[in-house]
Amino acid sequence: MTPEERTRLAGLASEILRENDRGTYTVPTKGLYPFQWNWDSCLTAIGFAALDEDRAWLEMETLFEHQWPDGMVPHIVFHQQDDGYFPGPEVWQTGRPVPTSGITQPPVAGFAARRIFDRSPDKTRFTERVRGLVRKIDRWHDFLYSARDPQGEGLAAIIHPWEAGRDNSIDWDDPFERVPTEGIAPYQRRDVNHADPAHRPTKEQYDRYLWLLEHFRRHGWNNAILHDLSPFRVVDPGFNAILIRSCADLAELAQALGELEIARSNRQRAEKGLSAIERLWSDSHGQYLCLDRVTSKPIDSASVGGVLAVFAAVPENRAQAIGNRIRALGSRCRYLLPSHDPADPRFDAKRYWRGPAWLIVNYMIADGLAAVGGAEMAESIRASSLALIKKGGFAEYYDPITGEACGGGRFTWTAAMVLELLNGGEAPERTLA
Ligand code: DGY
C-alpha cells in the first residue's frame with residue numbers, strides 16, 4: 001500500500017470515529033446501534049488512543065460508570081432515548097439509574113486498558129484514572145468467574161448469545177433448541193430497518209433472544225440465580241480466551257501500578273482459565289469448540305470462536321494447529337477470516353456471525369498468533385483485513401468470499417481496527433510463562 005493510500009485510510013478511519021463520537025461515548029454506527037455497546041467501546045478506545053488518549057480513557061470510564069453493584073458490566077448503556085433500536089430500555093427494565101441492558105459482553109477491557117497504557121507517552125498523567133479502571137475491571141472479572149462459573153471450573157458460561165458478541169453463530173443452534181418461544185410479548189424488530197434482513201439473525205432467533213431476556217427479567221436480573229436458571233448456558237472458547245487474556249493483561253497493568261493483590265488474583269485467574277480451556281480442545285476439528293454446560297457435551301460447530309482461543313496464551317502446539325486451521329479456512333474463501341467454516345453446509349456468507357469476516361476478530365487472532373511465532377500468518381490476516389476495507393469500505397462485517405460490505409456502514413470499531421492495522425499491529429509479549 002502506498003503512503004498516500006495509508007494516509008487516506010487513516011483519515012477516513014479518524015473521520016468515522018469523530019462522526020460516531022457522542023462526547024463521552026461512541027455509538028457503534030448511526031441508526032442500527034444508537035447507544036454505547038460494551039466491547040465496541042473498549043476496542044474503539046484503542047483506536048481513539050491514536051488520536052486522543054484522554055478521549056480513549058473517557059470512553060472506557062463512561063462504560064464502567066454503569067457497572068452494576070454485582071460487578072457486571074452491561075452490554076448496552078442506553079444513554080439517551082432512541083426508538084430506532086429494539087429491544088430498548090422499556091423491554092429490559094433493569095432498574096438502573098441510567099438504563100442498561102441486563103447481560104454482559106466479551107470482556108476485552110483488561111486487554112484494551114493495558115494496550116493503551118503500555119503505549120502512553122504520558123503515563124503519569126493518566127495513572128490515577130487507570131487505577132480506578134483497573135479496580136473496576138477486576139470486579140468484572142470476579143463477577144464472571146463467580147456468577148458465570150458457580151462451580152469454580154475456571155470457565156465462564158454465557159447465558160445469552162448476545163453475551164458472546166457472536167449473536168447468531170452456528171454454535172448456538174443446538175442449545176437454542178431448548179429455548180422456548182411461547183408467551184413472548186409481541187414485538188417489532190428495528191434492526192431490519194437499518195440493515196439488509198438477509199444479513200441479520202432470523203425471526204426464530206430473535207424470538208429466542210427475547211424469551212431469554214423476558215425469563216431473566218422475570219427473575220429480577222438476579223445474577224446469583226440466572227446462570228442455573230438459564231436453559232442456555234454455553235462455555236464459549238472465544239469469550240473465555242478474551243477473559244483469560246484480559247486477566248493476564250490486567251495483572252501486568254495492576255503490577256505496574258502497584259496494585260499487587262489485583263495483579264496476583266488476575267494472574268491466578270488466567271492460569272486457571274488456561275488450564276481449563278484445554279477441556280474445549282477437539283483433535284478432530286483441530287480447534288477449540290464450545291461446551292454446552294447443560295448437557296456437558298461439546299457443540300459440533302467449528303466456528304471462529306474456537307480459533308479466537310489463540311488470543312489467550314494457549315500452548316504452542318495448539319496455536320500451531322490453529323494456524324493450520326486458518327490455512328484450511330483460507331483455502332475456502334478469498335478473505336480471512338470467515339466466522340464459520342465455508343465447508344460446513346450451515347455456512348452463510350452474508351448472515352452476521354454465520355460466515356462473514358469481522359475486523360475485530362481478525363485483529364485479536366492476528367495479535368495472538370504473532371505472540372507465538374505466527375507472524376507470517378498474522379500478516380496475511382492483517383493484509384486480508386486491509387483488502388476488505390479497500391473493497392467494501394468501513395463496514396460492520398464482510399462476505400469472506402466476495403468481500404462485499406454487510407450489515408451497518410461507517411462502523412466505529414472497524415475504523416478503530418484500521419488505525420491499528422495501519423500502525424502495523426504489534427507482537428505483544430506473552431504475559432504468562
Ligand atoms: C444487536 O442488537 O444486534 C446486538 O448485537 C445485540 O447487542
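**View 1. Strands β6 and β7 pair in the antiparallel sense.** In this predicted model, let us start with strand β6, which covers residues 291-292 and joins β7 over 2 bridges. One residue pair to look for here is D292 and K297, since K297 of β7 is the bridge partner of D292.

**View 2. An open sheet of 3 strands.** Stepping back from the β6 and β7 pair, we find the order β3-β6-β7, with antiparallel pairing. Which are the edge strands? They are β3, at residues 234-235, and β7, at residues 297-298, and each of them pairs on one side only.

**View 3. The ligand and the residues that surround it.** Here you can pick out Y33, W37, H75, Y85, W162, D167, R200 and Y352 around the ligand. Sorted by residue class, this shell holds 5 nonpolar, 1 polar and 2 charged residues. The ligand also marks a notable place in the protein: the space it takes is the largest cavity.

**View 4. Polar side-chain atoms beside ligand oxygen atoms.** Three residues of the shell deserve a look in turn. For Y85, a polar side-chain atom lies 2.5 Å from an oxygen atom of the ligand. For R200, the corresponding distance from a polar side-chain atom to a ligand oxygen is 2.8 Å. For Y352, a polar side-chain atom is found 3.0 Å from an oxygen atom of the ligand. How much of the ligand does the protein bury? Taken alone, the ligand exposes 230 Å², and the protein buries 95% of that.

**View 5. The backbone at Y352.** We stay with Y352, which also surrounds the ligand, and turn to its backbone. This residue has a positive phi of about 55°, although it is not a glycine. Where does Y352 lie? You will find Y352 in the loop between α14 and α15.

**View 6. A cis peptide bond between L336 and L337.** The loop between α14 and α15 holds L337 as well; α14 spans residues 316-330 and α15 spans residues 359-370. The peptide bond from L336 to L337 is cis, and its omega is near -5°.

**View 7. A cis peptide bond between F86 and P87.** Our last stop is the bond that joins F86 to P87, where omega is about 0°. P87 has its place in the loop between β2, at residues 76-77, and α4, at residues 89-92.

Conventions
Residues are numbered from 1 along each chain as its sequence is written. This is a predicted model: local features need pLDDT of at least 70, side-chain atom pairs count only at pLDDT 80 or more; totals for chains, interfaces and linings use all residues. Side-chain values use heavy atoms; hydrogens and water are left out. A residue is near a molecule or strand if one of its heavy atoms lies within 4 Å of it. A polar contact is a pair of N or O atoms within 3.5 Å; within protein, one must be able to donate a hydrogen and the other to accept it, and residues adjacent in sequence count only if both atoms are side-chain atoms. Accessible areas come from the Shrake-Rupley method with a 1.4 Å probe; for residues, only the protein chains shown count as cover. On a 1 Å grid over the protein atoms alone, a cavity is a set of points where a 1.4 Å probe fits but cannot get out, and a pocket is an open set with protein on both sides within 12 Å along at least five of seven lines; lining residues have an atom within 4 Å of a point. A molecule sits in a cavity or pocket if more than half of its atoms lie within 2 Å of its grid points. Ala, Val, Leu, Ile, Met, Phe, Trp, Tyr, Cys and Pro count as nonpolar, Asp, Glu, Lys and Arg as charged, and the others, Gly among them, as polar. Two strands pair if DSSP finds at least two bridges between them. Helices (H or I, at least four residues) and strands (E, at least two) are DSSP runs, numbered from the N terminus.
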